[in-house]
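Here is a friendly walk through one protein model, written for someone who likes to know which side chains meet which. Please keep the structure open while you read.

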Amino acid sequence: MTTPVCTSASAAAAPARQTHSYPSHSYPSFASYVRARQPVLLRTARSLTANPSDAEDLLQTALTKTYVAWERIEDHRALDGYVRRALLNTRTSQWRKRRVDEFSCDELPEPDPVPGAEDPAERQALHDAMWRAITKLPARQRAMVVLRYYEDLSEAQTAEVLGVSVGTVKSAVSRALGKLREDPELDLVR
């Protein structure tokens, strides 16, 4: 049996007042990084979750982890990779902790169709068909298409990442888009 202990309000609140002291000089560079890269990172988070609100929460958690480790990150050119890894690790942890309640029922519940809304099944079919078509591209063209259109890098940034000229990126992406336009599987979805 435990014995209740009375403490003063100020003593009880003392642990709650603990704050972490982070170097104030790291905040401006972190804030500018977040302002510059948030749209791209949010797009990555959205690809990991089904709900846009969950994606925002996921990104916020990953950015919090990044801020805590900001001073320990030696190569700030690799920040996107660090945040993406934090996104993936956080999402994996959430998935593992997720509790699933299953209920048996006689009929499957189907949501009522929303007038004017895009059919999620059709959108998923298009998404799947597009990825299958992209995987048919040669590795170099596939890398350029993914960097340009899924990672939203400029032609110059794509060229820098792949170590090629901007002209090479332009011509390879043009050829890749031509192959995608001719893909018969994408014709069925259009």
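A residue is called buried when its relative accessible area is under 20%, exposed when that area is over 50%, and partly exposed in between, using a 1.4 Å probe and protein chains only. With a relative accessible area of 30%, Tyr150 is therefore partly exposed. Please note that this is a predicted model, in which local features need pLDDT of at least 70 and side-chain atom pairs count only at pLDDT 80 or more, while totals for chains, interfaces and linings use all residues. Residues are numbered from 1 along each chain as its sequence is written, and side-chain values use heavy atoms, with hydrogens and water left out.

**The nonpolar cores**

A nonpolar core here is a set of buried Ala, Val, Leu, Ile, Met, Phe, Trp, Tyr and Cys residues joined through side-chain atoms within 4.5 Å. The largest one has 17 residues, and Tyr33, Leu41, Ala45, Leu59, Leu63, Val83 and Leu87 have the most contacts inside it. Two or more residues come from each of H2, helix H3 (52-68) and helix H4 (79-97); H2 gives the most, with 6 residues. Helices are DSSP runs (H or I, at least four residues), numbered from the N terminus.

Which residues does Leu87 touch, leaving aside its neighbours within four places in sequence? Leu87 is in contact with Leu41, Thr44, Ala45, Leu48, Leu58, Leu59 and Ala62, where contact means heavy atoms within 4.5 Å. Another core lies apart from the largest one; it has 8 residues, among them Ile134, Leu137, Leu180 and Leu186.

**Aromatic rings**

A pair of aromatic rings is described by the distance of the centres and the angle of the planes. Rings of Phe, Tyr and Trp (its six-membered ring) pair if their centres lie within 6.5 Å; planes under 30 degrees apart count as stacked, over 60 as edge-to-face and the rest as tilted. The structure holds 4 aromatic pairs. In one of them, the rings of Tyr33 and Trp70 have centres 6.0 Å apart and planes at 50°, so this pair is tilted. The two residues come from distant parts of the chain, with Tyr33 in helix H2 and Trp70 in the loop between H3 and H4, 37 residues apart. Are these two residues buried or exposed? Tyr33 counts as buried at 10% relative accessibility, and Trp70 is buried too, with a relative accessible area of 3%.

Trp131 and Tyr150 form a tilted pair as well, 4.7 Å centre to centre with 35° between the planes. Trp131 lies in helix H5 and Tyr150 in helix H6, so the pair ties together parts that are 19 residues apart in sequence. At 31% relative accessibility, Trp131 is partly exposed.

Back at Trp70, ring pairs link Phe30, Tyr33, Tyr67 and Trp70 into a cluster. Ser29 belongs to helix H2 (residues 26-48), and its C-alpha atom is separated by 9.5 Å from that of Trp70, although the two are 41 residues apart along the chain. Ser29 is partly exposed, with a relative accessible area of 32%.

**Salt bridges**

A salt bridge is a side-chain nitrogen of Lys or Arg within 4 Å of a carboxyl oxygen of Asp or Glu. The structure holds 7 salt bridges, including these:

| Basic residue | Acidic residue | Closest N and O atoms |
|---|---|---|
| Arg77 | Asp75 | 3.0 Å |
| Arg132 | Glu185 | 2.4 Å |
| Lys136 | Asp183 | 3.3 Å |

Arg77 is exposed, with a relative accessible area of 76%, whereas Asp75 counts as partly exposed at 34%.

Arg132, Lys136, Asp183 and Glu185 are linked in a network of salt bridges. Arg132 is partly exposed at 41% relative accessibility. What is the relative accessible area of Asp183? Asp183 is buried, with a value of 7%, whereas its partner Lys136 is exposed, with 53%.

**A backbone detail**

Asp152 has a positive phi of about 60° although it is not a glycine. Asp152 is found in the loop between helix H6 (139-150) and helix H7 (155-162), and at 47% relative accessibility it counts as partly exposed.
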